[in-house]
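Me: I would like to go through the labels on this model. Please give the reason behind each one.

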Amino acid sequence: MAQAIRLARQGLYTTDPNPRVGCVIVGDGEQVGEGAHLRAGEPHAEVHALRAAGESARGATAYVTLEPCSHHGRTPPCAEALVNAGVARVVCAMQDPNPLVAGRGLARLREAGIEAVSGLLETTARALNPGFISRMERGRPYVRLKLASSLDGRTAMQSGESQWITGPAARADVQRLRARSSAVLTGVETVLIDKASLTVRAAELGLPAEQAEQAALRQPLRVVLDSQLRLPTTAPMLSLPGRTLVVTAQAESTSAAVALTAAGAQVLALPGTDGRVDLTALLSWLAEHEHCNEVLIECGATLAGTALRAGWVDELVLYMAPTLLGSAARPLFDLPLEQMAQQHRLQLIDTRQLGDDLRLTLSCRKETD
């Protein structure tokens, strides 16, 4: 199963909106086939592994990181392929949270007389697909908030100047975060100040050339929160590969909305309170209409503070550089807290050095989430 999980990671940047899945087939104590799901619409991991195993699959055990699908989608059901191949046993890391499967794949295998169990290395397998699981179980994507700061917790000079706080290794890591995401979300201020593109650039991923090119082919959806439709039609991102969604509290029929649409953007009206966009509704919309699994937020202090206070953030990824920007520089969050009881306590789940910088990964979810 550990090998199946390693195989599944091959699809980290390319399977969206499908889950990342790996499969290993073992017969007579030896591995006879393996495979991974690499791109949506292409054969699933079980199919690749069965093709590699051939007749050796008969009577063998299949180890799969996710319950085999039992329904006809863009590809035939994998549970049926395992039945037809004559495997004797199927071991799954976890059941599929997709309501269209949700135990039906295991049931089909058992109906055919195949021993089928799940739960082996489940925690590790779930970590492969936090977004897919979130979309199926919670009806919204898994949300990461990415921020870069100095050692004194500052993200930009008072003027807004921010390039560059972190070094090349940290910036390449951010590119990989974008590449695995279904959408990258920001506020219009970030676009106006930084001329942000929010694209995945193959040359900056720090991956082998072929893998980098494949990762960059699937550009994440660019989502710009723009309550008053201030994004100019000349914004560089509108002419870049991929799609741009501008989310506003204004009507989609305004002249500004019409002009942005003509410039290549998609405009979505989701009015909330105080003339702002309803971000809760947006996350649900992205899950339902765009099948977004993982959303990466790259933004300034205002949106970062709003997202954290509202409980939209599942994971905070903070890149900290060994430099000082001073007390007048801009902070990480706009969080007007006054008492210790109001503090936001996070759970540190990973620490890693990238060049001269430090990457902290923290869980923002409460135990009840």
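Me: Which residue just after helix 11 takes a positive phi?
Reply: H291 does, with a phi of about 55 degrees. Bear in mind that this is a predicted model.

Me: What makes D278 a cap for the N-terminal end of helix 11?
Reply: A side-chain oxygen of D278 lies 3.2 Å from the backbone nitrogen of T280. A polar contact needs an N or O pair within 3.5 Å, so the 3.2 Å pair qualifies.

Me: Which residues of helix 11 are buried?
Reply: Helix 11 spans residues 279-290, and its buried residues are L279, L282, L283, W285, L286 and A287.

Me: Why is S134 called buried?
Reply: Its relative accessibility is 4%. Buried means under 20%, so S134 counts as buried. S134 lies in helix 6, residues 130-138. Leaving aside neighbours within four places in sequence, S134 is in contact with G139, R140, P141 and Y142.

Me: How do you know that strand 3 and strand 4 pair?
Reply: 4 bridges join strand 3 (residues 61-64) to strand 4 (residues 89-92). Pairing takes at least two bridges, so these strands pair. They run parallel. Y63 has V91 as its bridge partner in strand 4.

Me: What is the strand order of the open sheet, and what makes strand 2 and strand 5 its edge strands?
Reply: The 5 strands follow the order 2-1-3-4-5, with mixed pairing. Strand 2 (30-36) and strand 5 (115-118) each pair on one side only. Neighbouring strands are turned by 15 degrees against each other on average, direction ignored.

Me: Which strands does helix 2 touch?
Reply: Helix 2 (residues 45-53) packs on the sheet and touches strand 1 (22-27), strand 2 and strand 3. Its direction makes about 140 degrees with that of strand 2.

Definitions and conventions: Residues numbered from 1 in each chain as written. Predicted model: local features only at pLDDT ≥ 70, side-chain atom pairs only at ≥ 80, totals over all residues. Heavy atoms only, no water. Buried < 20%, exposed > 50% of the residue type's maximum accessible area, 1.4 Å probe, protein only. Contact = heavy atoms within 4.5 Å. Axes fitted to C-alpha atoms, helices over the stretch in contact; angles between N-to-C directions. Polar contact = N/O pair within 3.5 Å; in protein donor to acceptor, adjacent residues only side chain to side chain.
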